[in-house]
Amino acid sequence: AKAGELSERRKEAAARFSSAISESVRGLELENAEFVADVLPAGLSSSGVDAVRFRFSASGENLADVAKCASGGERSRLMLALKAMMAKFTEMPTMIFDEIDTGVSGSVADKMGSMICDMGRDMQVFAITHLPQVAAKGDAHYLVSKENVSGRAVSSVRRLTYQERVQEVARMLSGSVLTDAAIANAEVLLSQSHP
């Protein structure tokens, strides 16, 4: 009886959930994307009598299983949309993203960074990233480094000052040789994120 009640609630929520995820992903430059959560019958188990299948299409046509059709960048956007919704409704105190922005760049990275920062209004968020557009958004920037000490790998983490942050974002933009243009671009990115 409880499994039947749960199944009805899942079916009622599936359409709203699908719509919310589709809308969120469309805001990350997949304007025609469709995401659908199908609630399918399954044998009775500890999680009820349903199986849930996620289907997706970047073009909005011919939806297929997410694992079979989504590119790396599309999966990153879907994961961020799903985690943002999960965080909103479960009141998690902390969220850690480890390169959730893989496979994206440019304006998509900028929008993902903004979405991650929006989540930071209600919870503590750590984002491990190699993208300057995302790194520039945070309130604080920490540099993780590793070095070999007496044959052991030792990791360290330290908070960057504003000037060190400019240098690090510039390094992310240009590589090992920092150019004046990269430093100027880093300053612009940081000023846009923290007016």
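**Pockets, a helix and some loops**

Biologist: Which residues lie nearest the centre of the largest pocket?
Modeller: This is a predicted model, and its largest pocket is lined by 30 residues. Of those 30, the ones that lie nearest the centre are Val125, Phe126, Ala127, Ala140 and His141.

Biologist: Which elements give two or more residues to the lining of that largest pocket?
Modeller: Both helices and strands take part here, with β5 and β6 (142-149) as the strands. The helices that give two or more residues to this lining are α4, α5 and α6 (162-174). The full list is therefore α4, β5, α5, β6 and α6.

Biologist: What is the volume of the largest pocket?
Modeller: Let's start with the make-up of its walls: the lining has 14 nonpolar, ten polar and six charged residues. The space that the largest pocket offers has a volume of about 1000 Å³.

Biologist: What is the volume of the second largest pocket, and which residues are closest to its centre?
Modeller: The second largest pocket has a volume of about 270 Å³. It is lined by 13 residues. By class, they are nine nonpolar, one polar and three charged. Closest to the centre are Ala84, Met85, Lys88, Met115 and Met119.

Biologist: Which element gives the largest share of the lining of the second largest pocket?
Modeller: The elements that give two or more residues to this lining are α1, α3 and α4. The largest share is five residues, and it comes from α3.

Biologist: How far apart are the end C-alpha atoms of helix α4, and what span should we expect?
Modeller: Helix α4 covers residues 106-119, which makes 14 residues. The expected span is 1.5 Å times one less than the number of residues. For α4 this gives 20 Å, and the end C-alpha atoms agree, being 20 Å apart.

Biologist: Where do the buried residues of α4 fall when you look down its axis?
Modeller: Buried means under 20% relative accessible area, and in α4 that holds for Val108, Ala109, Met112, Gly113, Met115, Ile116 and Met119. An α-helix has 3.6 residues a turn, so residues three or four places apart point the same way. Seen down the axis, the buried residues of α4 fall within an arc of 160 degrees, so they line one face of the helix.

Biologist: What covers those buried residues of α4?
Modeller: The cover includes helices α1 (2-26) and α3 (72-90), as well as strand β4 (94-98). Further along the chain, it also includes β5 (124-128) and α5 (132-135).

Biologist: Is Ser145 buried, partly exposed or exposed?
Modeller: Ser145 lies in strand β6. Leaving aside neighbours within four places in sequence, Ser145 is in contact with Val154, Ser155 and Ser156. Its relative accessible area is 33%, which lies between the cut-offs of 20% and 50%. Ser145 is therefore partly exposed.

Biologist: What separates the C-alpha atoms of Ser145 and Arg158?
Modeller: Along the chain, Ser145 and Arg158 are 13 residues apart. In space, their C-alpha atoms are separated by 8.7 Å.

Biologist: What is the phi of Glu29?
Modeller: Most residues other than glycine have a negative phi. Glu29 is found in the loop between α1 and β1 (34-45), and it counts as partly exposed at 25% relative accessibility. Its phi is positive, near 65 degrees.

Biologist: Which other residue has a positive phi although it is not a glycine, and is it buried or exposed?
Modeller: The loop to look at lies between α3 and β4. There we find Glu91, with a positive phi of about 55 degrees. Its relative accessible area is 70%, and exposed means over 50%. The residue is Glu91, and it is exposed.

Biologist: Which residues is Pro93 in contact with, leaving aside its neighbours within four places in sequence?
Modeller: Pro93 lies in the loop between α3 and β4, and it is exposed, with a relative accessible area of 64%. The C-alpha atoms of Pro93 and Asp122 are separated by 8.0 Å, though these residues are 29 apart along the chain. The contacts of Pro93 are Met123 and Gln124.

Biologist: How many helices and strands are there in the protein chain?
Modeller: Read along the sequence, the chain follows the pattern α-β-β-β-α-α-β-α-β-α-β-β-α-α. Counting each kind gives seven helices and seven strands.

Notes. Residues are numbered from 1 along each chain as its sequence is written. This is a predicted model: local features need pLDDT of at least 70, side-chain atom pairs count only at pLDDT 80 or more; totals for chains, interfaces and linings use all residues. Side-chain values use heavy atoms; hydrogens and water are left out. Helices (H or I, at least four residues) and strands (E, at least two) are DSSP runs, numbered from the N terminus. Buried means under 20% relative accessible area, exposed over 50%, partly exposed in between (1.4 Å probe, protein chains only). The arc is that of the directions from the helix axis to the C-beta atoms. Contact means heavy atoms within 4.5 Å. On a 1 Å grid over the protein atoms alone, a cavity is a set of points where a 1.4 Å probe fits but cannot get out, and a pocket is an open set with protein on both sides within 12 Å along at least five of seven lines; lining residues have an atom within 4 Å of a point. Grid points are joined across faces, edges and corners, and a volume is the space filled by probe spheres set on the points. Ala, Val, Leu, Ile, Met, Phe, Trp, Tyr, Cys and Pro count as nonpolar, Asp, Glu, Lys and Arg as charged, and the others, Gly among them, as polar.
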